[in-house]
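The following exchange examines how certain labels are assigned in a structural model. Each answer sets a value against its criterion.

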Amino acid sequence: MPSPRLRIFPRPQDDFDLETDSPAVPIRLADLYPLLAQAYRDNFVWLRDFEEDELLVSNDLFEVVRAFSDYRPSA
């Protein structure tokens, strides 16, 4: 019985996109918000690791957030 041969394949170019800092995974805000809210409320340390990261949001969401931040009374 012949022994199985292992073959090595080169890494596809698409895998390199995962290693960049650019957004690569779409996620709905409805899925993300509860997780971030809980991590913030419970003071999870891993959330601080991403404080300097930038998020890409749609123009309409950006306008709503900007308007809300101007409207909100400061503490």
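Q: What makes a residue count as exposed in this predicted model?
A: A residue counts as exposed when its relative accessible area is over 50%, as buried when that area is under 20%, and as partly exposed in between.

Q: Why is Leu 29 called exposed?
A: Leu 29, which belongs to helix 1, has a relative accessible area of 52%. The cut-off is over 50%, and therefore Leu 29 is classed as exposed.

Q: Why does Asp 53 count as partly exposed?
A: The relative accessibility of Asp 53 is 48%. Partly exposed covers what lies between under 20% and over 50%, so Asp 53 receives that label. Asp 53 is located in the loop that connects helix 2 (45-48) with helix 3 (59-71).

Q: What makes the surface patch that includes Asp 53 negative?
A: Asp 49, Glu 51, Glu 52, Asp 53 and Glu 54 gather there. Asp and Glu count as negative, so the patch is one of negative charge.

Q: Which residues make the nonpolar surface patch?
A: Leu 29, Tyr 33, Leu 55, Val 57, Leu 61, Phe 62, Val 64 and Val 65 form a patch of about 800 Å². Helix 1 and helix 3 are the elements giving two or more residues to the patch, and helix 3 contributes the most, with four.

Q: How is confidence distributed over the protein chain?
A: The mean pLDDT of the protein chain is 80, and 68% of the residues score at least 70. Among the elements, helix 1 (residues 29-41) has the highest mean, 93, and helix 3 the lowest, 90. Where pLDDT is low, predicted coordinates should not be read in detail.

Conventions:
Residues are numbered from 1 along each chain as its sequence is written. This is a predicted model: local features need pLDDT of at least 70, side-chain atom pairs count only at pLDDT 80 or more; totals for chains, interfaces and linings use all residues. Side-chain values use heavy atoms; hydrogens and water are left out. Patches are made of residues with over 30% relative accessible area and no salt bridge: like charges are joined within 9 Å, nonpolar side chains (Val, Leu, Ile, Met, Phe, Trp, Tyr) within 5 Å. Accessible areas come from the Shrake-Rupley method with a 1.4 Å probe; for residues, only the protein chains shown count as cover. A salt bridge is a side-chain nitrogen of Lys or Arg within 4 Å of a carboxyl oxygen of Asp or Glu. The place of a charge is taken as NZ of Lys, CZ of Arg, CG of Asp or CD of Glu. Buried means under 20% relative accessible area, exposed over 50%, partly exposed in between (1.4 Å probe, protein chains only). pLDDT is the predictor's confidence in each residue, from 0 to 100.
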